[in-house]
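Please look over the model below before reading on. My notes come after it.

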Amino acid sequence: MKKIIIIDGGPRKNMNTAQMIESFAKGAKSASDQIEVKTIRLYDLEYKGCVACLACKVRGSKFHDVCARKDGLTDVLGEAAYADGLVLATPVYFGRATAQLDAFMERLIYPWLSYNDMSVHAPKHMPTAVIYTMNAYGPHMQSIRPGQDQLELLLAVSLGKPERIEALNTMQVKNYDRYDMDGFADFNKEKYHEEHWSQDVQTAFDAGKRMAEKILSRE
Ligand SMILES: Cc1cc2nc3c(=O)[nH]c(=O)nc-3n(C[C@H](O)[C@H](O)[C@H](O)COP(=O)(O)O)c2cc1C
């Protein structure tokens, strides 16, 4: 069996990011019964970002592969580092990933960074992907959409260059009449959703299938 780990960096269980994840997972599993997909919800775990204990930088340290800190993230970091494919999924918060996902990345990547030659060495390379969902789209893109993104850069220098999958102009709430969100009036959210959501979900499905096929072709 080959294993894809999806890290769900969003707080909401059934909304946009979760639906994109579900579709990616379905796509991956549709490729072969040799593909297993496990989704890990960061918001269900108790952990902190890197606490700079520097145990991974002690000469001769055995913590170069996985962070030394013991908390709710410890096992997840091991699973991610030794998976066959890794997906990071997040709603965009202030133009970037959620704080939970950033904290996960600090813990995942920092042990792999060598201060001897400034290189980054992950224990293995694998196909990776990043799924973003966001309000931004078209004319409303500036500054609220991840640009030269740190998440993707960190993956590219460690595990492998990620594929980016995006859902734009998402329905942040189901009923906009109930909320003080009049600024979204000209985003035409409902109409956009009707016209694009099924394609967004399909894009995630296709990307999942592609990742699975890539993994299987590496055997
Ligand atoms: C704290 C916070 C900050 C946000 N910042 C942005 C942003 O900078 N750019 C953007 O396009 N959307 C932003 N959004 C909207 C969400 O990214 C968007 O609604 C997303 O699809 C929600 O995903 P979910 O339905 O899985 O929770 C923000 C939402 C919250 C709660």
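The numbered points cover the basis of the model, the overall layout, one helix pair and the ligand shell.

1. This is a predicted model: local features need pLDDT of at least 70, side-chain atom pairs count only at pLDDT 80 or more, and totals for chains, interfaces and linings use all residues. Residues are numbered from 1 along each chain as its sequence is written.

2. The protein has five helices and five strands. Its pattern along the sequence is β-α-β-α-β-α-β-α-β-α. Helices (H or I, at least four residues) and strands (E, at least two) are DSSP runs, numbered from the N terminus.

3. The C-alpha trace spans about 60 × 40 × 30 Å along its principal axes.

4. The axes of helix α1 (residues 16-31) and helix α5 (residues 189-217) come within 6 Å and cross at roughly 40°. Axes are lines fitted to C-alpha atoms, for helices over the stretch in contact, and angles run from 0 to 180 degrees between N-to-C directions. So α1 is oblique to α5 (angles under 35 degrees count as roughly parallel, over 145 as roughly antiparallel, 65 to 115 as roughly perpendicular and the rest as oblique).

5. Which residues surround the ligand most closely? Met-15, Thr-17, Pro-91, Met-134 and Ile-144 are the closest of the 19 in the shell. A residue counts as near if its C-beta atom, placed from the backbone, lies within 6 Å. Helix α1 gives the most to this shell, with three residues.

6. By class, the ligand shell holds nine nonpolar, eight polar and two charged residues. Ala, Val, Leu, Ile, Met, Phe, Trp, Tyr, Cys and Pro count as nonpolar, Asp, Glu, Lys and Arg as charged, and the others, Gly among them, as polar.
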